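Here's a set of exercises to work through with the structure open. Try each task before you read its solution.

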Amino acid sequence: MTSFHENMMRRALSLARKGIGKTSPNPVVGCVIVREGVVVGEGWHRKAGTPHAEVHALREAGPLARGADVYVTLEPCSHFGRTPPCADALVAAGVARVFVGMVDPNPTVCGKGITRLEAVGIQVITGVLGKECRLINEPFVKHVSTGLPFLTLKSALTLDGKTATALGDSRWITNDKSRRYVHQLRAEVDAVMVGVGTLLADNPELTVRHVKGKNPLRIIVDSSLKIPNESRVLGDDLARGTIIATTSDDQERIGFLETRGAQVIRCASDKGRVDLRDLMQRLGAKGIQSILLEGGSELAGAALRQGLIDKFILFYAPIVLGGAAGIGLFGGKSVERMGRAFRLETARVRRFGGDVMIEAYPEEACSLD
């Protein structure tokens, strides 16, 4: 594939990124229309239920779309949902060729849009910057393929690997720039998840305060319903709501929490604690595609051992606690030999002032269970 085609797809990817955090449960999509080497239309999907990227680009191009090339990060849809099929719109506009970043994994589409275009003689070229197009829709791809949310673990650590002192003090390990970026991450996901221990230690709001964007749904894993009545995640209208995952059947306590605006989900028990696999299935069934797991160590350890973490975002600050005391990132059972260590593939390293962020993916499913 020539550099020109790849450059146009990169432009479409840049447009698609504008929709991150705004389109769920739909994917983010960007589209660029080119005629005789000149961009004549472009667009991106801005919000679920509104026109898709191709429609915005076609409107901008107008009659210049006839005979033009179209670059779209995801296969055009072929079915009537909340909006008409984009494949039909491209056919009606008379475009000549369509370059597709990736085939839509949604079974409702999955090749049907391409078939619709080819049936009327429109040439379709797939796989242009396919890896990049897949990465910007990680949550969508996993959810439509498995029914499960895409789980990203985020944590701040000292250089000697501690997330808090022995007394539980963790404010603040990282600097303002890192924390602002974390709020941006929150604005881009469907939900933020923590264990009840984090609430007991920090009483966080789990909202977006330092950047512009939507507040996420809050998920509290609380097997025994120990959440304090005065918790900031209860009884406010700052976020999309609060889900409490538990194994308790204390109806009086559940009723009280529901009067405070929480939704309580009873999950299967795994040795007395919330079975995280069961919870992920329940959350996926609710249409939750992306979750940012922010703590604590027991919850993170359980997620790691059960192979539920899809991505790691770790912020290392240039400080050390010293000594053996302090809280590590993962609680519970660990591997006994270095050869069985969970191996990650680093995707990106970025600096926020003195802090260093490492973004990585498991080389294979991380699991001890």
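**Exercise 1.** Find the helix in which glycine 255 lies, and decide whether glycine 255 is buried, partly exposed or exposed.

*Solution.* Start with the element: in this predicted model, glycine 255 belongs to helix H9, residues 251-259. Next comes the accessibility. The relative accessible area of glycine 255 is 27%, and since partly exposed runs between the 20% and 50% cut-offs, glycine 255 counts as partly exposed. As an extra, try the distance to lysine 271, which sits 16 residues away along the chain. Their C-alpha atoms turn out to be 25 Å apart.

**Exercise 2.** Work out how H2 and H3 are oriented relative to each other, and which residues make the contact.

*Solution.* First get the geometry: H2 (residues 53-61) and H3 (residues 86-93) pack with an angle of about 20° and an axis separation of 9 Å. Anything under 35 degrees counts as roughly parallel, so that is what H2 is to H3. Then check the handedness, and you'll find a left-handed crossing. Now list the contact: H2 brings Glu54, Val55 and Leu58, while H3 brings Cys86, Ala89, Leu90 and Ala93. Sorting those residues by type gives six nonpolar, no polar and one charged.

**Exercise 3.** Pick out the residues that touch the most other members of the largest nonpolar core, then trace the contacts of valine 98.

*Solution.* The largest nonpolar core holds 43 residues, and the top spots for touching other members go to Met9, Ile33, Val95 and Val98. Helix H1 (residues 3-17) is the biggest contributor to this core, giving six residues. Now zoom in on valine 98 and skip its neighbours within four places in sequence: it contacts Val70, Val72, Leu90, Leu117, Ile122, Gln123, Val124 and Ile125. Don't stop there, as another core of 30 residues lies apart from the largest one, with Leu157, Ala191, Val274 and Leu276 among its members.

**Exercise 4.** Why is helix H11 said to be largely enclosed by the rest of the structure, and what covers its buried residues?

*Solution.* Count first: H11 (residues 297-305) has nine residues and seven of them are buried, so the helix is largely enclosed. The buried ones are Leu299, Ala300, Gly301, Ala302, Ala303, Leu304 and Arg305. Then look at the cover, which includes strands S6 (150-157), S8 (191-195), S9 (217-221), S14 (290-295) and S15 (311-316), plus helix H10 (276-285). Just past H11, glycine 307 has a positive phi of about 70°.

**Exercise 5.** Hunt for backbone oddities: where are cis peptide bonds at serine 24 and glycine 295, and which values of phi do leucine 129 and asparagine 203 take?

*Solution.* Keep the usual picture in mind: most peptide bonds are trans, and most residues other than glycine have a negative phi. Begin with the bonds. Serine 24 is joined to proline 25 by a cis bond with omega near 10°, and proline 25 sits in the loop between H1 and strand S1 (30-35). The bond between glycine 295 and glycine 296 is cis too, with omega about 0°, and glycine 296 is in the loop between S14 and H11.

Now phi. Leucine 129 has a positive phi near 55°, in the loop between strand S5 (123-126) and helix H5 (130-135), and at 10% relative accessibility it counts as buried. Asparagine 203 has a positive phi of about 45°, in the loop between helix H8 (196-202) and S9, and asparagine 203 is partly exposed at 22%.

Definitions and conventions
Residues are numbered from 1 along each chain as its sequence is written. This is a predicted model: local features need pLDDT of at least 70, side-chain atom pairs count only at pLDDT 80 or more; totals for chains, interfaces and linings use all residues. Side-chain values use heavy atoms; hydrogens and water are left out. A nonpolar core is a set of buried Ala, Val, Leu, Ile, Met, Phe, Trp, Tyr and Cys residues joined through side-chain atoms within 4.5 Å. Buried means under 20% relative accessible area, exposed over 50%, partly exposed in between (1.4 Å probe, protein chains only). Helices (H or I, at least four residues) and strands (E, at least two) are DSSP runs, numbered from the N terminus. Contact means heavy atoms within 4.5 Å. Axes are lines fitted to C-alpha atoms, for helices over the stretch in contact, and angles run from 0 to 180 degrees between N-to-C directions. Angles under 35 degrees count as roughly parallel, over 145 as roughly antiparallel, 65 to 115 as roughly perpendicular and the rest as oblique. A crossing is left-handed if the near helix is turned anticlockwise from the far one by less than a right angle, and right-handed if clockwise. Ala, Val, Leu, Ile, Met, Phe, Trp, Tyr, Cys and Pro count as nonpolar, Asp, Glu, Lys and Arg as charged, and the others, Gly among them, as polar.
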